[in-house]
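Work through these exercises with the structure open beside you. Try each task before reading its solution.

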Amino acid sequence: MTANGWFQFLLYFAVLVLLMRPLGIYMTRVFEGQRTFADPVFKPIERLLYRLFGVNAEEEMNWREYAAAMLLFSFVSLVLTYAIERAQHFLPWNPQAFPGVPQALAWNTAASFTTNTNWQSYVPEVTMSYFTQMVGLAYHNFLSAAVGIAVAIGLVRGVARKQANTIGNFWVDTTRALLYVLLPISVILGLVLVSQGVVQNLKPYTQAQTLEHATQSIAQGPVASQEVIKMLGTNGGGFFNTNSAHPFENPTPFSNFLEILAIFLIPAALTITLGRMTKSPGHGWAVFACMTLLFAVALVTVYWAESHPHPLLHGVDQRTTALQSGGNEEGKEVRFGIAGSSLFATVTTDASCGAVNGMHDSFTPLGGMVVLSNIMLGEIIFGGVGSGLYGMLIYVVLSVFIAGLMVGRTPEYLGKKIEAYDVKMAMLYVLIFPLVILVLAAASVLTSAGLNGITNPGPHGLTQILYAFTSAAGNNGSAFAGINANTNWYNIGLGFTMLVGRFLMMVPMLALAGNLALKKSVPPSPGTFPVNSSLFTILLTSVILIVGALTFFPALSLGPILEHLLLHHGMLF
Amino acid sequence: MISTLKVAIRFTVITTILLGLAYPLAMTGVAHVLFRDKADGQLITRNGQVIGSAIIGQSFASDRYFHGRISAAGNGYDAANSSGSNLALSNKKLVDRINGDVANYEKTNPGQPVPIDLVTASGSGLDPDITPAAALYQVHRVAEARHMSDDAVRQLVMTHILGRQFGILGEPRVNVLQLNLALDEAAAK
């Protein structure tokens, strides 16, 4: 651990805090339909788009209509992506002449990108044509992010509105998220990434003659345009197999900084939007404080763990000096070092991004456990774009419910009484997630089809399986990438898990939004638990940690914790 | 329901054309106007032949060249098949691999511990860089193989150390391909 490392973390957080407020205020104006400085450019385009879609922008939807539109769109776009993958050999921009993608893999990938997961069972540079990457995959990076934002905004409206039947218009919210937020930032940031060396072309792979007279084939592609939205939309699906570790995706420390910043930018700004839309800015900050607390603890732990030398190596220099960053270098890139890799890994799993700039499978047992735990907590530490906020609001509802139980009063949340139906929807959300992870991970451990995927034996093998299903259910997409998941068992099982993790959780969320919108607002009384206090932040943080620990601690103790103890007793597998 | 489905289909088709085609193609065009070399991968050409990319590592086995990190990409530095080793720290294969490589370096640098990045696989398998420590560690071997003085080679390494970006970001590093090209140029003079 170095002073420079800590300084990089502080700089990162300072820039994030500086940018999130203006963006959060801007998004509030965009989604409340107020005037913004961008209107002269985007308003005419927006109107034209509604005409082309056949959408009446004034028409509001109740939660069922909102959910139906979201599900139908997701279904249609999933089918289109599946078709593109299967037919890529008939489509343009396939300079390496890749054949169509096999069925199970095409299904897994279509589900993966539709759900904002971007789990990748394949090696992109030997599987996917440029057309498939642009039209099939990068497209979903935009859309799944916009859908996430739309659903979160729908939920916030449910909290903010009084005795209302509707929570907004799905098509309008999605279009605005794309046009006013995701696309303009992508264009600017994408070009900055190119200036750092992220490639952007449609050329066939370059054939080079190396200095030692070997032939090296260098993969190319339209990378920057996908890279930027992969991060900004917390998607995480790499253009190349090694994702943001690949020099063409993440060439410099500055590109690394920008990519990590892009992950947290919108989720952090949405806490400001939450405070503004509900007319209680203090609540937005209280939620932000909880996220910051959990983020800081995870980051420090990962940095500490990854800075440690491997206990069983001799004849190597693992010290941290001015000439090397030392520590655990397996699976990491020299230009990022331990600090740049630890920050990336923490942020990508706090959010539901899942991009990686180092291989999580080769992290120390404890470093790997923390990134896994980040996903297990539900990716609410800033979280995915939209999904992080609505996931967090579920825990907010649980927290005020528990606070209400403690004093024996009907709990209220920003003037809305939290009743049985609301808590049921919140619990549905909290229970579906571990259920699908633990049941399918257990099934994998009990079948040879599941066990065959393990590439690191011993307790680490269990962690590989656990990580795969956690990542899929949480729509994260990062992996302990050694696992051999391009099999029917994992492709189909994980594809199913991703759909459950996305849609079975979005629907109770929208139901909750609809139910909250219907309620009338009660004025705060002396017995109301204030949700903008530091006491609330502490309670919320505790609820998240207790629910997470009760659910997953047994599994973690058999995986990474056991591995750590055995490794430090000199045991290898 | 049917009308929503119709909107969903129109919405999908139109956004696909805009975000799946128009956006990446426009970005490609603009990138080529503004940053042509970067957009094409910073290819290095010698005598009309592309010899590699400035930011993609390649294999070096000869004692006359500085060596890069261990690569798990294909058969080593396969830039069309990037990969990390994905070995766990508790995997015996990892410790055996590192011990084997350490034994090899022991022959050229007896008694000197090997900088960790030289015997660990990079994340991408294409890491173009090594740490300054790893470059300085190899100075004596390269100088001997090229019949140069240690000082001359060390001097070359020192001029190729790339500091932190803006003095803050990332870690100091040495680009192996560019250092080796400079060695060849120094020899040609």
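Two strands pair if DSSP finds at least two bridges between them. Helices (H or I, at least four residues) and strands (E, at least two) are DSSP runs, numbered from the N terminus. This is a predicted model: local features need pLDDT of at least 70, side-chain atom pairs count only at pLDDT 80 or more, and totals for chains, interfaces and linings use all residues. Residues are numbered from 1 along each chain as its sequence is written, while chains are lettered from A and ligands numbered from 1 in the order in which they are written.

**Exercise 1. Trace the hairpin of chain B.**

Task: find the bridge partners of R46(B) and L43(B).

Solution. Start with the strands. β1 (residues 43-46) and β2 (residues 49-53) of chain B run antiparallel, joined by four bridges. Next, take R46(B): its bridge partner in β2(B) is Q49(B). Then take L43(B), which stands opposite S53(B). Finally, look at the turn. Two residues lie between the strands of this hairpin, and N47(B) there has a positive phi of about 50°.

**Exercise 2. Order a sheet.**

Task: work out which strands are the edges of the open sheet in chain B.

Solution. First, write the order: three strands, β4-β6-β5, with antiparallel pairing. The edges are β4 (129-130) and β5 (161-162), each of which pairs on one side only. Now check one pair. Two bridges link β5(B) to β6 (residues 173-175) of chain B in the antiparallel sense. In that pair, I161(B) faces V174(B).

**Exercise 3. Describe helix α1 of chain B.**

Task: give the span of α1(B), then locate its kink.

Solution. The helix covers residues 2-34, which is 33 residues. From first C-alpha to last it reaches 46 Å, close to the 48 Å expected (1.5 Å times one less than the number of residues). The kink, about 30°, lies at A22(B), shortly before the proline P24(B). The bend here is the angle between axes fitted to the seven residues ending at a residue and the seven starting there.

Now ask which residues are buried. The cut-off is 20 or more other C-beta atoms within 10 Å of a residue's own, with C-beta atoms placed from the backbone. Those of α1(B) include F11(B), L19(B), Y23(B) and P24(B). Their cover includes α2 (39-53), α3 and α5 (130-160) of chain A, together with α2 (36-39) of chain B.

**Exercise 4. Examine the interface.**

Task: how many residues of each chain are in contact?

Solution. Contact requires C-beta atoms, placed from the backbone, within 7 Å. By that rule, 103 residues of chain A touch 92 of chain B. Helix α3 (residues 63-86) of chain A gives the most to its side, with seven residues. Strands also cross over: β3 (residues 316-317) of chain A and β3 (residues 114-115) of chain B pair in the parallel sense over two bridges. There, V316(A) has V114(B) as bridge partner.

**Exercise 5. Place N476(A).**

Task: decide whether N476(A) is buried or exposed.

Solution. Locate the residue in the loop between α15 (459-473) and α16 (488-518) of chain A. N476(A) is buried, because 32 other C-beta atoms lie within 10 Å. Among the residues that N476(A) touches are T117(A), T349(A) and E379(A). Last, compare two distances: N476(A) and S112(A) are 364 residues apart in sequence and 9.6 Å apart in space, C-alpha to C-alpha.

Conventions:
Two residues are in contact if their C-beta atoms, placed from the backbone, lie within 7 Å. A residue is buried if 20 or more other C-beta atoms lie within 10 Å of its own, exposed if 12 or fewer, and partly exposed in between; C-beta atoms are placed from the backbone. Lists of a residue's contacts leave out its neighbours within four places in sequence.
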